[in-house]
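Trainee: Could you pick one part of this model and take me through it closely? I would like to see how it connects to what lies around it.

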Amino acid sequence: MISRRENGVPFFEFPNLASLPGIRHGVFTRKGGASLGPYAALNVGQSLGDRPEAVASNRERVSRCLGNLRLAFIRQVHGTDVVVLKNGAPEVADPDTLPAADAMVTDIPRTGLVIQTADCQAVMLYDPRQRVAANVHSGWRGSIRNIIGKTVGAMTSRFRCDPRDIRAGIGPSLGPCCAEFIHYRNEIPREFWKYKGENRHFDFWSASRDQLLNAGVPEEHIFTSRLCTRCRTDLFFSYRGEHATGRLAMVIGLG
Ligand SMILES: [Zn+2]
């Protein structure tokens, strides 16, 4: 991951996305924000108990780091609905109405698609040929229902993207070191058991990579950050590690 800093706020970039013109993206950490206590410091999640003024200030800081992109949020519900924001014919009139969904796709410039995480994966996608960006919230529930494949499908069917052009970044999230599923026999479908390592730990980084490959994204276009949120609570919010905690901002938009 590439380390960046703007206005005193540190963030990471995926090397395979940072090298492309036409987009801005940021994998933000918990550092550089206004929140206190368990939300310290760059919490962008509302309704978690943090002060609304602090959250608003943090969202503004995130936007400023990315050239003042207008941030679009969704109400993440661990489902597989994909919101399409299409230039000229917006299917969601106002992104601020917060549709319940777990992925966003857009070709609208200067719109920053925000996925909020605290252990779940944000998977950022960009097609530099059609100039289409997407951001996916893939926790284990979204993973076992392949929201990644569904989002690539929305890019191809709605924006004529060729999966072979798509670049992908898999963000900091629960790693195979910490993704323990005690009740995996009831929760995780059998076809995912090949991602189970020792004990009851699962490698959802590899699962996401395979879902991208199956959707037609070339291996050399996929970058996995391999940063575990629970191992690195100095840098990231982790629901499993801390329970009461904030939400990280994972943002991509057409610059
Ligand atoms: Zn870990």
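A close look at the metal site

Mentor: Happy to! The zinc ion is held by four cysteine sulfurs, the SG atoms of Cys177, Cys178, Cys228 and Cys231, at 2.3 to 2.4 Å (donors are N, O and S atoms within 2.8 Å of the metal, or 3.2 Å for Na, K and Ca; water is not among the atoms, so sites may look incomplete). Keep in mind that this is a predicted model, where local features need pLDDT of at least 70 and side-chain atom pairs pLDDT 80 or more, while totals for chains, interfaces and linings use all residues. Numbering runs from 1 along each chain as its sequence is written, and side-chain values use heavy atoms, with hydrogens and water left out.

The geometry is tetrahedral, with angles of 104 to 118° among the four donor atoms (all angles must lie between 85 and 135 degrees). Along the chain, the donors are spaced as C-C-x49-C-x2-C. Cys177 and Cys228 thus tie together distant parts of the chain, 51 residues apart. Cys177 sits in the loop between strand 10 and helix 5 (184-187), and Cys228 in the loop between strand 11 (222-224) and helix 7 (239-242) (helices are DSSP runs of H or I with at least four residues, strands runs of E with at least two, numbered from the N terminus).

How sheltered are these ligands? Cys177 counts as partly exposed because its relative accessibility is 45%, whereas Cys228 is buried at 6% and Cys178 is buried at 13% (buried is under 20% relative accessible area, exposed over 50%, partly exposed in between, with a 1.4 Å probe and protein chains only). Away from these ligands, Cys161 is also buried, at 6%. No disulfides turn up in a search of the whole structure (a pair of cysteine sulfur atoms within 2.5 Å would qualify).

Now follow strand 10 (167-170) inward, since it is one of the elements that give two or more residues to the largest nonpolar core. That core has 35 residues, with Leu125, Met155, Ile188, Phe202 and Leu212 making the most contacts inside it (a core joins buried Ala, Val, Leu, Ile, Met, Phe, Trp, Tyr and Cys residues through side-chain atoms within 4.5 Å). Other such contributors include strand 8 (121-127), strand 9 (132-138) and helix 6 (204-214). Helix 4 (147-159) gives the most, with six residues. Leu212 shows the packing well: beyond residues up to four places away in sequence, it touches Val123, Leu125, Ile148, Val152, Ala168, Ile170, Val217 and Ile222 (contact means heavy atoms within 4.5 Å). Apart from this core lies another, of 27 residues, including Leu85, Leu113, Ala122 and Ile252.

Helix 4 itself is worth a pause. Its 13 residues should span 18 Å at 1.5 Å a residue, and its end C-alpha atoms are 17 Å apart, which agrees (the expected span is 1.5 Å times one less than the number of residues). Ile147, Ile148, Gly149, Thr151, Val152, Ala154, Met155 and Phe159 are its buried residues. Among the elements that cover them are strand 5 (82-85), helix 3 (140-144) and helix 6. Just past the helix, Arg160 adopts a positive phi of about 60°.

Methods. Four donors count as tetrahedral if all angles lie between 85 and 135 degrees; four count as square planar and six as octahedral if opposite donors are over 155 degrees apart and all others between 65 and 115; anything else is irregular.
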